[in-house]
Amino acid sequence: MMKSMAVPSSKQHWPFSSSSTLDCPLRKTPLQLQSYINPSSSQSKSPFPSLSLNASKATSPQTQVAASPLVVVGSANADIYVEIDRLPKEGETVSAKHGQTLAGGKGANQAACGGKLSYPTYFVGQVGEDAHGRLISEALVDGGVCLDHLSTVSAAPTGHAVVMLQSDGQNSIIIVGGANMSCWPETLSGEHLKIVRNAGIVLLQREIPDLVNIQVAKAARDAGVPVILDAGGMDAPIPVELLNVVDILSPNESELARLTGMPTESFEQISQAVEKCHEMGVKEVLVKLGGKGSALFVKGEEPIRQPIISAAKVIDTTGAGDTYTAAFAVALVEGKSKKECLRFALQRRLSVFK
């Protein structure tokens, strides 16, 4: 069982620091990570640089690494984060106990987790020419993520979100797409697709256009690179064309219910909903079960279940799913068994303990 760790000091302006405490999501979130072993030097060499966790010692990331990188293609948001006792009712105004703007977004959160796990990580995405874009870029660089493929666009603002954290640790989020959903080229550049083809694994989410995800997933498939699609993001059906070119679909219970139109209140119902995903063309479905842990369903095999690893008290669940998906991807690309991947990912999605 994972040991308890201290809550980050309120004096920290960023969740990324050169200390041994590793915070995955790009916000002052309570999520914590334990130390993780660097990729083995016995693996074949890759042309991608390794970025040190200590930003002060990594001004020019030119070191060659012995692992194909994690490539995250997705969203980057400025999170307008407010702490409230409860959600307001219709027509009601409530006061927040605290508020701040921090870097986030499902794609950026996942990239930050890869960097914080000392795994070579690239982020492909878009931000606007504004303060929010600079905030996100600085946070990712501080987290050890390579931004050679992060584009700055002038015709749209950086995406942002309002994150409402309630006193019980649950959160509700409203997203404004901005540069995440606008200004993407109809055909991705050769440089973007090259980094995808040379990846060890690719992570996608649904906070960028499906057209982009489809191009990336097809390029990865043609190169034999596994693709994980996090189902979180836009509340719309996932195109069959995209489902047919991803290796693992990763929804939570509510996303699985929306995707299939089926109930997911019990494990039996979840299993039946997953069968429908298999019929839609997805061979593996990684379901995040919140307080009940997680489960991996591989078509034709018995599901692999991972029970929850308890925390004394959950303060904040923001970014937990992103942490889980990224940690699972890193464990998978490093050759761990699927059962080991499930446990590793669940350990690293834990929220703050008291």
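A residue counts as buried when its relative accessible area is under 20%. Keep that cut-off at hand, since the exercises below return to it as we walk through this predicted model.

**Exercise 1. Get an overview of the chain.**

Task: Find what share of the chain is buried, and how many helices and strands there are.

Solution:
- Step 1. Start with burial: of the 354 residues in the chain, 51% are buried.
- Step 2. Next come the elements, and the chain has nine helices and 15 strands.
- Step 3. Finally, look at contacts between residues at least 6 apart in sequence: 68% of these join residues at least 24 apart.

**Exercise 2. Place a loop residue.**

Task: Locate Ser75 and decide whether Ser75 is buried or exposed.

Solution:
- Step 1. Go to strand S3 (70-73) and strand S4 (77-84); Ser75 sits in the loop between them.
- Step 2. The relative accessibility of Ser75 is 0%. Buried means under 20%, so Ser75 counts as buried.
- Step 3. Now look at what surrounds this residue. With neighbours within four places in sequence set aside, Ser75 is in contact with Gly105, Lys106, Gly107, Ala108, Phe123, Asn180, Gln205, Glu207 and Ile208.

**Exercise 3. Explore the nonpolar cores.**

Task: Work out which residues touch the most other members of the largest nonpolar core, and which helix gives the largest share.

Solution:
- Step 1. The largest nonpolar core has 42 residues. Those touching the most other members are Val71, Val73, Val196, Val202 and Leu249.
- Step 2. Helix H4 (residues 210-222) supplies the largest share of this core, with six residues.
- Step 3. Zoom in on Val202. Not counting residues up to four places away in sequence, Val202 touches Val71, Val196, Val216, Ala220, Val225, Pro226, Val227 and Ile228.
- Step 4. Another core lies apart from the one just described; it has 39 residues, including Leu147, Val298, Leu342 and Ala345.
- Step 5. As background, nonpolar side chains tend to be buried together in soluble globular proteins.

**Exercise 4. Describe how H1 packs on H8.**

Task: Give the angle between helices H1 and H8, and say which residues meet.

Solution:
- Step 1. Helix H1 (residues 106-116) packs with helix H8 (residues 320-333) at an angle of about 45°, and their axes are 8 Å apart.
- Step 2. At that angle, H1 is oblique to H8.
- Step 3. The crossing of H1 with H8 is right-handed.
- Step 4. From H1, the residues Lys106, Asn109, Gln110, Cys113 and Gly114 meet Asp322, Thr323, Thr325, Ala326 and Val330 of H8.
- Step 5. Sorted by class, this contact of H1 with H8 has three nonpolar, five polar and two charged residues.

**Exercise 5. Follow H8 to H9.**

Task: Describe the crossing of H8 and H9, then look at Phe328.

Solution:
- Step 1. The axes of H8 and helix H9 (residues 338-347) cross at roughly 145° and come within 8 Å.
- Step 2. H8 passes H9 in a right-handed crossing.
- Step 3. Tyr324, Ala327, Phe328, Ala331 and Leu332 of H8 meet Lys338, Cys341, Leu342, Phe344, Ala345 and Leu346 of H9. By class, the contact of H8 with H9 has ten nonpolar, no polar and one charged residues.
- Step 4. Phe328 lies in helix H8, and its relative accessibility of 1% means that Phe328 counts as buried.
- Step 5. Leaving aside neighbours within four places in sequence, the contacts of Phe328 include Ile228, Ile248, Leu286 and Leu296. Although Phe328 and Ile228 are 100 residues apart along the chain, their C-alpha atoms are separated by 9.7 Å.

**Exercise 6. Pair H6 with H7.**

Task: Describe how H6 and H7 cross, and find the place of Val274.

Solution:
- Step 1. Helix H6 (residues 253-260) and H7 have axes that come within 10 Å and cross at roughly 50°.
- Step 2. That angle makes H6 oblique to H7, and the crossing of H6 and H7 is left-handed.
- Step 3. On the H6 side, the contact is made by Glu253, Leu256, Leu259 and Thr260, and on the H7 side by Ile270, Ala273, Val274, Lys276 and Cys277.
- Step 4. Val274 is in helix H7 (residues 267-279), and at 1% relative accessibility Val274 counts as buried.
- Step 5. Beyond its neighbours within four places in sequence, Val274 is in contact with Leu256, Val285, Val287 and Phe297.

Key
Residues are numbered from 1 along each chain as its sequence is written. This is a predicted model: local features need pLDDT of at least 70, side-chain atom pairs count only at pLDDT 80 or more; totals for chains, interfaces and linings use all residues. Side-chain values use heavy atoms; hydrogens and water are left out. Axes are lines fitted to C-alpha atoms, for helices over the stretch in contact, and angles run from 0 to 180 degrees between N-to-C directions. Helices (H or I, at least four residues) and strands (E, at least two) are DSSP runs, numbered from the N terminus. Angles under 35 degrees count as roughly parallel, over 145 as roughly antiparallel, 65 to 115 as roughly perpendicular and the rest as oblique. A crossing is left-handed if the near helix is turned anticlockwise from the far one by less than a right angle, and right-handed if clockwise. Contact means heavy atoms within 4.5 Å. Ala, Val, Leu, Ile, Met, Phe, Trp, Tyr, Cys and Pro count as nonpolar, Asp, Glu, Lys and Arg as charged, and the others, Gly among them, as polar. Buried means under 20% relative accessible area, exposed over 50%, partly exposed in between (1.4 Å probe, protein chains only). A nonpolar core is a set of buried Ala, Val, Leu, Ile, Met, Phe, Trp, Tyr and Cys residues joined through side-chain atoms within 4.5 Å.
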